[in-house]
Amino acid sequence: MADYDENDQQMDCALDLMRRLPPQNVEENLITLLEVLPELTEDLLSAIDQPLKIRQDAQAGKEYLVCDYNRDGDSYRSPWSNEYDPPLADGNVPSDRLRKLEMAANEAFDTYKELYYEGGVSSVYLWDMDDSFAGVVLIKKVNDGTVRSKGSWDSIHVIEVVEKGRQARYKLTSTAMLYTVASGAKGDRQNEINLSGSLTRQDERDLPNEDANAHIVNMGRMVEDMEFKMRNALQEVYFGKTRDIVNGLRSASDLSESKNRERLQRDLFGQLKSRKD
């Protein structure tokens, strides 16, 4: 029991530490953490989300995202061709029914990321479960087109689906990782601004399930709503707070103008107070 409590406490501390570190350095920080806590390697790898990586499907001629959900050994399955790279003869693949749904979902979210992100890469992976199925929706957008600005958005949406006749219960766990770096003139690192963070949220809904296409509509609506909430939260927490700090440190108006405004406020307050008296 004591060993379990100690391992549990170490796991909580490790996860809390990783949440406070920049998302763009999560791979390096995770390697360092695994060197310190090798006994928690499996638990940490399954619990900590890492930035998504992009691969090219040579057969389909399209890019796709890789993560633990489409990995089997050292190979990764493409959602477009349903083939593993490097080739794997007995790799896990979805059933025929689920594969059709997976293909339709990839087409739908490919349109979604073009409309909302104006580019990037998306991938959807589904797998069979005893009572129904589960899946993950991955979206990545990288901006490194200019010297003075670069950033990345990674969103991971894990969905568990339990079918109940003409109803289905959807449990969604979403994680968004964001970082943006803006440097000074000619790449001046002294004036560099680095904003980064991650956010995890959950949602659960019971929705109608008239046919197979209803799953795509329901999952798409939940992902769309969740991303809207998470983008607003990240904007408020990181960008809004940073703006408040900058405005508190440096005023955009002239010092004499600020003093005149404060003197006018005092005069008005004094006149209002004298009227009340």
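**Exercise 1. Find which residues Tyr170 touches, leaving aside residues up to four places away in sequence.**

Solution. Taking contact as heavy atoms within 4.5 Å, and not counting residues up to four places away in sequence, Tyr170 touches Ile159, Glu160, Val161, Asp203, Glu204, Arg205, Leu207, Ala214, His215, Asn218, Met219 and Met222. The model is predicted, so that local features need pLDDT of at least 70 and side-chain atom pairs count only at pLDDT 80 or more, whereas totals for chains, interfaces and linings use all residues. Residues are numbered from 1 along each chain as its sequence is written, and side-chain values use heavy atoms, with hydrogens and water left out.

**Exercise 2. Place Tyr170 in the largest nonpolar core, and say which helix gives the largest share of this core.**

Solution. A nonpolar core is a set of buried Ala, Val, Leu, Ile, Met, Phe, Trp, Tyr and Cys residues joined through side-chain atoms within 4.5 Å, where buried means under 20% relative accessible area, exposed over 50% and partly exposed in between (1.4 Å probe, protein chains only). The largest such core has 28 residues, of which Val137, Ile159 and Tyr170 touch the most other members. At least two residues each come from helix 4 (96-117), strand 6, strand 7 (133-143), strand 8 (149-164), strand 9 (167-182), strand 10 (193-208) and helix 5 (212-249); helices (H or I, at least four residues) and strands (E, at least two) are DSSP runs, numbered from the N terminus. Helix 5 gives the largest share, 7 residues. Another core, of 14 residues, lies apart from it and includes Tyr64, Leu65, Leu138 and Met177.

**Exercise 3. Classify the ring pair of Tyr69 and Trp127, and locate both residues.**

Solution. Rings of Phe, Tyr and Trp (its six-membered ring) pair if their centres lie within 6.5 Å, and planes under 30 degrees apart count as stacked, over 60 as edge-to-face and the rest as tilted. The count by this rule is 4 aromatic pairs. For Tyr69 and Trp127 the centres are 5.4 Å apart and the planes stand at 10°, so this pair is stacked. Because Tyr69 lies in the loop between strand 2 (62-66) and strand 3 (71-72), and Trp127 in strand 6 (residues 121-128), the pair ties together parts that are 58 residues apart in sequence. Tyr69 is partly exposed at 38% relative accessibility, and Trp127 is partly exposed with a relative accessible area of 25%. Elsewhere, Phe109, Tyr112 and Tyr116 form one aromatic cluster.
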